[in-house]
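Look at the sequence and the structure together before reading on. The report below then takes up the parts one at a time.

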Amino acid sequence: MSIDHRTEGSVAKPRLTPAPPTGSYLGMPAFPKGVKKELENQQLRRNLRHATTTIRGKRALRAAEVHDWEELRVAGEQIKNRVGRHLDHYLVQAEEAMTRAGITVHWARDAEEANRIVVEIAKSKGTDEVVKIKSMVTQETELNEALEEAGIAAWETDLAELIVQLGHDRPSHILVPAIHRNRSEVREIFLEEMGNWGTPAPPDISDDPPELAAAARTHLREKFLRAKVAISGGNFIVAETGSVVIVESEGNGRMCLTLPETLISVVGIEKLLPTFEDLEVFLRLLPRSSTGERMNPYTSIWTGVTEGDGPQDLHVVLLDNGRTNVLADPVGREALRCIRCSACMNVCPVYERVGGHAYGSVYPGPIGSILTPQLRGVASPIDQSLPFASSLCGACNDVCPVRIPISDILVHMRHKVVEYKRKTHKLPTGESLLFKGIGWMMGKGQRLAGAQVATQAAARLMKRRKYIGPLPIPGYPSAWTNARDLPMPPAQTFREWWDAREEQR
Amino acid sequence: MSAREEILERIRRATADIREKDPVRDVPVDWAYGRPTPVGDVLDTFVENIEDYKARIVRTGADGTGRAIVEALTELGAKSVLVPSGVQDTWVAALEAGGFTVVRDEPVLSHAELNEVDAVLTGARVAAAETGTICLDHDDDQGRRALTLVPDRHVCVVREDQVVSDIPEAVARLRPAVEARRPITWISGGSATSDIELARVEGVHGPRNLFVVLEAQPSSR
C-alpha cells in the first residue's frame, strides 16, 4: 500500500492532525472484493508473513511454559461468562465503586454519544489538544475525528498508532496496528510527516528500529510534558473495587495516565471482572497470548483519585455501541469474552495473507469476523461477507485464551446472514435458488442418478483433463471455480459400481 | 430514559433467557486463587527472568545495599538521583558519600524538572519470579507515579522476602494496597516496543534502564 497524502485540499479548515484516509468502514466493499487489492501487494504479504510467523512462535513458547495453561483458559472462560451473563449486576457494582473512589462515570449508548461526552469534557478544560493511549474502542467510535471537528488535536502516542496516524492510514491489527508497514516505510513516514506536526525526525535517520523508536520518543516527549488531558481505553475494570487496568509496553500509557490533570477512559461494558483476584488469571493469559511475553513491560492499576499523584479529574465512559446486541444472542454472546489479545489473527491463514484492512472494521481477523457483524448488524455488504472470510480451519479456537469457539460462531453468523437475506429480499437470491435446486435434486434417488448421468456426459466431453479448473460461466460457477479445482466426475458412479458388484455375487 | 437506564434495560432484555440470577451459582469458577507456582528456586528464577528482559540485577547482603546502589548508578552514568521521602537513610547517605546530587520531590517537582533528573532510586512492594515482575504500590519508599516514570534510569531495591513465585501470590499481597485505593504499577523490564516488524526495541518512553538490587535478609547472611 502506498502512502496516502494529505486530503485537506478541498476543505477550508486546516487540519490539526494528519487526515485519515477518506471513506468509512461501512462503505467498504465486501471482503472478497476488498482482498483483491491487498493480495496483489507483495510487500504487504511479506511484512505480514514475517510478523505473524514470529509472533505465533513466541505465543506458543510462552503458553507451553505454563503448566496449568488449560486450567487458566477455562478460568478465563468461566469468569468472563459470569460477567457477561450478569452484566447489569456487575456494571452497577462497578459504577458504585468507581464513584466512591472519585471517578465520574458516564454511560454512552453508541459511538456518537461517547464522542460527545469526551469532547464536552475536553472542551470544559479549555484545551486544544489531548494525548491518547492506543485504544481499540476509540478507534471503533472514530473519536479522533470527532475531536478534530471540535477543534481539538488528538495525538496518538503508541509507536504503531503514531505510524498509522502520521501515515494517513488505518490500523490493520488490534495489537500492532502498523504490522503492515516495514522499517523503511516507517522511516519515510517519519521523515516526511513528523516535522509537520511537532519535533521533526533527524534528517539522517536510518531505518534501524531503535533509531526510529528514539525519534518517536523525542517527538512525543514535548506533547506528554505539556498535555492537560489524556484519553485511554481500558483492558479491565474490577467491579468490586472500581479499579481500572491498562497493560502496555512502551510507557506512553503511563505518561498519559500519570502526567495530565484530566484522564478520560472509554471502556466497553463487557470489560468488567468481578474481583481484584481475577487479575491473576487475566494478567497471565493476556501477555503470553498477545505479545508472547511472560509479562508486558508495564501494567497500571488505579482505583480512583490519589491526592498528589496523577490526574485529579478522572472520568470513565461505559460504552454499549452494539455490545448488548451481541449479548442478546445466546450463541454469539460468547464473543464478548474477547480480551483483545490478537492471538486469533496471528494464527489465521486468511489474515496472514490479506492483512487487516480488507475486513472493513477496527476488529479484523477471526474475532472481527464474528464480532463486527454482531456489533453492527448484517445489513451492509461488508458485514454480510465477514462470516465467510474464513476457511473454518479452527486454529483460532485453539489459541484463544478465553476459549471462544470462533469457528462455531462463524457458522452461526453465516446462518444469520442467510436468514437476513431471505427476510429482506423480495425475490429469492441466486444462492437460495441454487440450494433449493440442489435440495430438490438430492431429495430423490432417481433425480440424483439423473444428475450423475449428466455429469458423466459432461466429463466425457472434457476427457483428458485431470481436474475441472475455472469455468467460464458467469456468477457463482466462475466465482467458485476460480478459487478451487474440482476432481473430474468418475467414469463409474457409486450406484453403477454397487449394481455391478451385486450382479457378480 | 437516561443512557444508563437504557443500557441496563437492554442488558436485562438480552439476558432474559438466563434464569439463575445469582452470578456465582449460575457460573461456577473452578480456579483456586492465590496458589504458588512451582518454579524451583524462587530467587534464581527471578534473577533469570529479569535478565531475560535485558534489565540488570545484582544480589547483595543487607549491609551491602548502599554500595550496590552506588555501583548501579555509576554503571548507568547517572549524576543526579531522585529519592522519594520514604527511602532508607543509609541509602541516601551512601549516595551523598558517592558524590551524587540527591534530588527530593519537596517542594513538588514539575514535569520539566523531573525530566532533568538522571535517575530515580526506590523500594518495591512485591515481585513475581516467574514473570520477572516488580509491583509498586507507590508508598513512601517508591514515591508518586511520575517519579518512577519520567527519569530515564530506575534503580529499584527489592528485598528477598518480597519475591514470590508468580502473579497469583503477588496479586494476593497487593490486596491491602488496592483496598487503600493506592495506585499500582507493575514493571517487567525496561520500557520496550515491538511495533516495527515485531523487532523488540528496549527503551521508548518509560525509563530505558532498569537496575534491580536484590537484597538478602539480615539474618540469612
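The sections that follow cover the model, the contact between the chains, the sheets and the helix packing.

## The model and its domains

This is a predicted model. In chain A, the domain assignment gives domain 1, covering 31-319, and domain 2, covering 445-504. The centres of domain 1 of chain A and domain 2 of chain A, taken over C-alpha atoms, are separated by 54 Å.

## Where the chains meet

How many residues of chain A are in contact with chain B? On the chain A side there are 76 residues, and they are in contact with 61 residues of chain B. Sorted by class, the side of chain A that touches chain B has 37 nonpolar, 23 polar and 16 charged residues.

Strands take part in the pairing of the two chains. Strand 9 of chain A (residues 298-302) pairs with strand 9 of chain B (residues 184-187) in the antiparallel sense, over four bridges. A:Ile301 has B:Ile184, in strand 9 of chain B, as its bridge partner.

## A sheet with strands from both chains

The pair just described belongs to an open sheet of eight strands, in the order 8(A)-5(A)-6(A)-9(A)-9(B)-6(B)-5(B)-8(B). The pairing in this sheet is mixed. Which strands stand at its edges? They are strand 8 of chain A (272-273) and strand 8 of chain B (163-164), each of which pairs on one side only.

Within the chain B part, strand 5 (residues 126-128) and strand 6 (residues 133-136) of chain B are antiparallel and share three bridges. B:Ala128 is matched there with its bridge partner B:Thr133 in strand 6 of chain B.

## A parallel sheet in chain A

Chain A also has an open sheet of six strands in the order 1-10-7-4-2-3, and the pairing is parallel. Strand 1 (103-108) and strand 3 of chain A are the edge strands with a single partner strand each, so one side of each is left without a neighbour in the sheet. From one strand to the next, the twist averages 25°.

The individual pairs can be followed along the order. Strand 7 (residues 262-268) and strand 10 (residues 313-319) of chain A run parallel over seven bridges, and A:Gly268 stands opposite A:Leu319 in strand 10 of chain A. Strand 2 of chain A pairs with strand 4 of chain A (residues 229-232) in the parallel sense over two bridges; here A:Val131 stands opposite A:Ala230 in strand 4 of chain A. Strand 2 (residues 129-132) is also joined to strand 3 (residues 153-156) of chain A, by four bridges and again in parallel. In strand 3 of chain A, A:Ala153 is the bridge partner of A:Glu129.

## Helices that pack between the chains

How are helix 4 of chain A and helix 1 of chain B set against each other, parallel or antiparallel? Helix 4 of chain A (residues 87-100) and helix 1 of chain B (residues 3-14) pack at an angle of about 155°, with their axes 9 Å apart. Angles over 145 degrees count as roughly antiparallel, so helix 4 of chain A is roughly antiparallel to helix 1 of chain B. A:Leu87, A:Asp88 and A:Leu91 of helix 4 of chain A meet B:Leu8, B:Ile11 and B:Arg12 of helix 1 of chain B. The residues of this contact divide into four nonpolar, no polar and two charged.

A second pair is made by helix 12 of chain A (residues 279-290) and helix 7 of chain B (residues 167-179), whose axes come within 9 Å and cross at roughly 135°. That angle makes helix 12 of chain A oblique to helix 7 of chain B, and the crossing of helix 12 of chain A with helix 7 of chain B is right-handed. In this contact A:Leu279, A:Glu280, A:Leu283 and A:Arg284 meet B:Ile167, B:Pro168 and B:Val171. By class, the contact has five nonpolar, no polar and two charged residues.

## A helix pair within chain B

Helix 4 (residues 65-76) and helix 5 (residues 89-97) of chain B pack with their axes 9 Å apart, at an angle of about 45°. Helix 4 of chain B and helix 5 of chain B are therefore oblique to each other, and their crossing is right-handed. Helix 4 of chain B contributes B:Thr65, B:Gly66, B:Arg67, B:Ile69 and B:Val70 to the contact, while helix 5 of chain B contributes B:Thr90, B:Trp91, B:Ala94 and B:Leu95. This contact has five nonpolar, three polar and one charged residues.

Definitions and conventions
Residues are numbered from 1 along each chain as its sequence is written. Chains are lettered from A and ligands numbered from 1 in the order in which they are written. This is a predicted model: local features need pLDDT of at least 70, side-chain atom pairs count only at pLDDT 80 or more; totals for chains, interfaces and linings use all residues. Two residues are in contact if their C-beta atoms, placed from the backbone, lie within 7 Å. Ala, Val, Leu, Ile, Met, Phe, Trp, Tyr, Cys and Pro count as nonpolar, Asp, Glu, Lys and Arg as charged, and the others, Gly among them, as polar. Two strands pair if DSSP finds at least two bridges between them. Domain bounds come from an automatic or database domain assignment. Axes are lines fitted to C-alpha atoms, for helices over the stretch in contact, and angles run from 0 to 180 degrees between N-to-C directions. Angles under 35 degrees count as roughly parallel, over 145 as roughly antiparallel, 65 to 115 as roughly perpendicular and the rest as oblique. A crossing is left-handed if the near helix is turned anticlockwise from the far one by less than a right angle, and right-handed if clockwise.
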